[in-house]
Amino acid sequence: MSSSTFFSSSSINTIKSSCFTTENHSSIIPTSSFLGSTHKLRFNPLTANSPTRFIKNRQTHIVAVSDVKQKQLKSTPFVGNLLITKEEGLELYEDMILGRTFEDMCAQMYYRGKMFGFVHLYNGQEAVSTGFIKLLKQQDCVVSTYRDHVHALSKGVPAREVMSELFGKTTGCVRGQGGSMHMFSKEHNLIGGFAFIGEGIPIATGTAFTSKYNRDVLKQADCDHVTLAFFGDGTCNNGQFFECLNMAALWKLPIVFVVENNLWAIGMSHERATSDPEIWKKGPAFGMPGVHVDGMDVLKVREVAKEAVERARRGDGPTLIECETYRFRGHSLADPDELRDPSEKAHYAARDPITALKKYMIENKLANEGELKAIEKKIDELVEEAVEFADASPHPDRSQLLQNVFADPKGFGIGPDGRYRCEDPKFTQGTAHV
Amino acid sequence: MATGLTRFGRRMRWVPSVCNGRQFSTSFCDKDHNPPAKSFNLYTAINQALHIALETDSRAYVFGEDVGFGGVFRCTTGLADRFGKTRVFNTPLCEQGIVGFAIGLAAMGNRAIAEIQFADYIFPAFDQLVNEAAKFRYRSGNQFNCGGLTVRAPYGAVGHGALYHSQSPEAFFCHVPGLKVVIPRSPREAKGLLLSSIRDPNPVVFFEPKWLYRLSVEEVPEHDYMLPLSEAQVIREGSDITLVGWGAQLSIIEQACIDAEKEGISCELIDLKTLIPWDKETVEASVRKTGRLLISHEAPVTGGFGAEIAASIVERCFLRLEAPVARVCGLDTPFPLVFEPLYMPTKNKVLDSIKSTVNY
């Protein structure tokens with residue numbers, strides 16, 4: 001299959017219009033049109049500032065503007081009102097509360113010894129997961145990192161399955177074999193959970209290719225599935241990231257690369273690890289739009305996500321979205337979190353996405369305290385029930401040890417007695433010599 | 001000076017009395033011949049070795065992910081403060097880049113000590129190690145070499161690491177001519193072996209058993225000393241069966257030996273220390289004495305380094321062997337999460353195998 005199948009005449013415009021976004025950004029507000037549409041995306045109107053000071057000076061009022069919605073850029077954190085309906089607002093709120101409550105419960109369970117291994121919590125970053133994943137259909141794919149509990153929950157994996165998986169029980173979404181860092185779900189198209197940074201991005205690229213192939217070559221006209229790849233700021237210095245940006249832009253794959261820039265890679269600050277800390281700029285270098293958005297504001301994230309997902313669905317290619325966000329806890333539950341400045345933590349704690357959404361909904365009369373409290377209570381009960389379910393579930397049987405290494409257990413070969421090893425009755429007990 | 005020793009191009013012993021061939025147990029310390037040693041654990045011993053390496057060679061550098069604040073296992077604490085950020089620095093998250101960059105440094109005559117945060121993450125760097133580091137001297141006709149390269153990585157099971165924090169990839173590197181693979185079993189060994197590895201004129205991959213970072217405590221001399229590479233050590237003498245292992249697995253095998261002793265089986269235990277080039281003579285001499293061999297390692301059994309040892313010993317001692325060479329290793333599955341106790345070559349598995357080999 002040649003690349004001309006995926007060629008679109010408007011691709012040249014993207015490259016031209018996104019050129020100047022990499023240039024000096026002091027005077028102009030660069031814009032770029034999404035291919036084939038009248039939607040415009042307004043980029044970060046940066047003042048000239050050096051990368052080392054960029055955290056303080058960086059404007060956070062980045063917003064996606066679409067002609068249809070006719071928004072005005074204001075200095076308030078929330079642009080316009082009626083960005084969401086009441087139902088949507090409650091859905092977003094519930095999802096974020098679920099993420100936060102679940103992660104807090106994970107921490108409790110870990111310290112009680114019910115959970116073990118390396119657990120990485122998502123507190124503070126809920127806006128990104130909710131903002132993006134709640135826009136997806138069931139058939140859209142999500143590829144995540146080791147900080148994947150909340151991505152799984154947003155995508156629709158039941159909380160009880162995620163909790164069981166964390167406890168290592170058979171009823172978990174991966175039957176207890178993956179653990180915290182390897183959440184998979186065929187039903188919800190969650191393609192992992194990767195302990196290794198950057199390993200998921202090429203896999204997401206492959207998933208997106210399948211979707212494009214199904215539509216363009218196999219002529220399944222309704223196949224417009226989009227893939228979202230989530231990863232962090234540290235990953236953006238890894239070769240696999242760049243290789244995939246190139247491939248995705250080259251073949252115009254329906255993928256959205258979402259960078260959850262929480263400024264820290266364990267103990268390595270993003271500014272000190274990256275030559276140009278503004279990750280969104282790396283998109284135009286490869287021929288795709290690069291967008292920076294305030295990842296602590298779920299409404300802004302949702303606006304940007306809508307544009308990017310729709311762009312991918314239309315077949316116009318990939319987008320790179322950098323979400324400026326923050327994790328309130330340490331890198332993992334084993335991390336004492338001593339390196340981060342308390343004032344930085346306080347700054348971001350004040351921008352807690354859940355508090356912000358609550359305030360927005362109440363101020364704009366979309367919901368009242370009572371309704372929100374009811375949601376919180378409901379989620380509390382859900383998470384408690386998930387823990388009870390996980391506690392009551394059985395541990396995996398020994399026979400599960402040797403399953404799924406190969407597709408066909410005959411792959412273990414012939415044993416010393418000349419028969420297939422898997423036919424040895426002790427094989428499934430895990431005691432046969434493999 | 002220590003760097004001068006490497007010019008002789010051979011393994012040199014720094015303090016002869018400490019590392020004479022046969023010692024009886026890992027905790028034996030020559031109090032009479034050496035200055036008094038204090039007890040340290042494994043990561044402190046490695047930290048001391050790194051301090052000494054950077055002190056004695058002004059062109060030695062330590063870098064990797066998060067080494068600046070001390071590293072996730074605290075092996076590099078204090079180095080950045082003492083030697084400055086130009087010599088001890090953090091790299092971005094790119095293993096391939098880290099190792100390739102280290103090879104370049106080493107090619108220019110520096111001592112590059114690269115840390116890979118977990119041995120499981122060494123695979124992106126596998127290409128650089130196998131295709132570049134191992135072949136550098138060979139393909140440049142000895143005009144250049146990357147002997148100053150040492151790659152340190154914590155390896156092995158830790159109880160809760162699961163698939164990507166517990167692997168033992170030593171076998172992959174043992175298949176590469178041009179590299180050396182060194183694995184210490186305890187703090188004192190680690191310090192001496194690490195200093196030897198750093199000063200060895202060949203690229204070395206140094207795997208540290210992460211399980212032992214805090215658990216293993218031993219008396220470690222505080223001065224600069226090196227232990228010879230490619231020399232195995234008999235740490236327990238016996239006459240019925242030879243057991244070979246390395247790293248954290250040795251403590252498991254030793255417990256099995258003690259249990260076997262109670263049943264009247266006298267076990268000889270050898271710590272291989274350097275996996276390639278490995279000390280065939282010591283193992284062969286021991287097998288000639290006992291007639292039986294058992295190898296134990298955490299990595300999966302098929303294609304693990306035990307296979308190489310078994311094949312070589314059978315080739316050399318075929319007529320002397322009284323039982324097939326036994327291997328008690330990890331199962332042929334990816335490293336499991338909850339099934340770790342089933343996967344691991346535990347003391348009981350080793351003991352069973354000892355008994356069945358002796359009673360063959």
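Which residues lie nearest the centre of the second largest cavity? That's the place to start in this predicted model.

**View 1. The second largest cavity has residues of chains A and B nearest its centre.** Phe116(A), Gly117(A), Gly179(A), Ser180(A) and Leu337(B) are the ones nearest the middle, out of a lining of 13 residues. The space inside comes to about 90 Å³. Sort the lining by class and you get six nonpolar and seven polar residues, with no charged ones. Counting cavities of 30 Å³ or more gives 12. As for how such spots turn up, rolling a probe the size of a water molecule over the atoms shows where empty space is left.

**View 2. The largest pocket has a volume of about 1,100 Å³.** Its lining takes in 50 residues, and nearest the centre you'll find Ile266(A), His331(A) and Ser332(A) along with Val72(B) and Phe118(B). Here the class split is 23 nonpolar, 13 polar and 14 charged residues. Three elements each put at least two residues into the lining: strand 6 (227-232) and strand 8 (264-265) of chain A, plus helix 9 (212-215) of chain B. Of these, helix 9 of chain B gives the most, with three residues.

**View 3. Phe196(A) and Tyr164(B) make an edge-to-face aromatic pair.** Over all chains the tally of aromatic pairs is 26. In this one, the ring centres sit 6.4 Å apart and the planes meet at 90°. It's a pair that crosses between chains: Phe196(A) comes from the loop between strand 5 (190-191) and helix 7 (200-216) of chain A, while Tyr164(B) comes from the loop between strand 5 (149-155) and helix 7 (170-174) of chain B. Are the two partners buried or exposed? Phe196(A) counts as buried because its relative accessible area is 9%, under the 20% cut-off. Tyr164(B), at 27%, is partly exposed.

**View 4. Phe73(B) and Phe118(B) pair up within chain B.** The ring centres are 5.4 Å apart and the planes lie at 75°, so this pair is edge-to-face, the cut-off for that label being over 60 degrees. The two residues are 45 apart and link distant parts of the chain. Phe73(B) is in the loop between strand 2 (60-64) and helix 3 (79-83), and Phe118(B) is in the loop between strand 4 (111-115) and helix 5 (126-133). Both rings belong to buried residues: Phe73(B) has 18% relative accessibility, and Phe118(B) has 6%. Phe118(B) also turns up in View 2, as one of the residues nearest the centre of the largest pocket.

**View 5. Ring pairs tie residues from both chains into a cluster.** The members are Phe118(A) and Phe196(A) from chain A, then Phe73(B), Phe118(B), Tyr121(B), Tyr164(B) and Tyr213(B) from chain B.

**View 6. Arg160(A) lies over the face of Phe389(A).** The distance to the ring centre is 4.0 Å. For residues 95-397 of chain A, an unreviewed UniProt entry lists "domain: Dehydrogenase E1 component". Across that stretch the chain is 46% helix and 12% strand, and the end C-alpha atoms are 33 Å apart.

**View 7. Asp424(A) sits in the segment after helix 14 (369-392) of chain A.** With a relative accessible area of 24%, Asp424(A) is partly exposed. Asn237(A) is 187 residues away along the chain, and the C-alpha atoms of these two residues are separated by 48 Å.

Definitions and conventions. Residues are numbered from 1 along each chain as its sequence is written. Chains are lettered from A and ligands numbered from 1 in the order in which they are written. This is a predicted model: local features need pLDDT of at least 70, side-chain atom pairs count only at pLDDT 80 or more; totals for chains, interfaces and linings use all residues. Side-chain values use heavy atoms; hydrogens and water are left out. On a 1 Å grid over the protein atoms alone, a cavity is a set of points where a 1.4 Å probe fits but cannot get out, and a pocket is an open set with protein on both sides within 12 Å along at least five of seven lines; lining residues have an atom within 4 Å of a point. Grid points are joined across faces, edges and corners, and a volume is the space filled by probe spheres set on the points. Helices (H or I, at least four residues) and strands (E, at least two) are DSSP runs, numbered from the N terminus. Ala, Val, Leu, Ile, Met, Phe, Trp, Tyr, Cys and Pro count as nonpolar, Asp, Glu, Lys and Arg as charged, and the others, Gly among them, as polar. Rings of Phe, Tyr and Trp (its six-membered ring) pair if their centres lie within 6.5 Å; planes under 30 degrees apart count as stacked, over 60 as edge-to-face and the rest as tilted. Buried means under 20% relative accessible area, exposed over 50%, partly exposed in between (1.4 Å probe, protein chains only). A charge sits over a ring if NZ of Lys or CZ of Arg is within 6 Å of the ring centre and within 35 degrees of the ring normal. UniProt positions are given in the numbering used here, feature names are shortened, and annotations may be inferred rather than shown by experiment.
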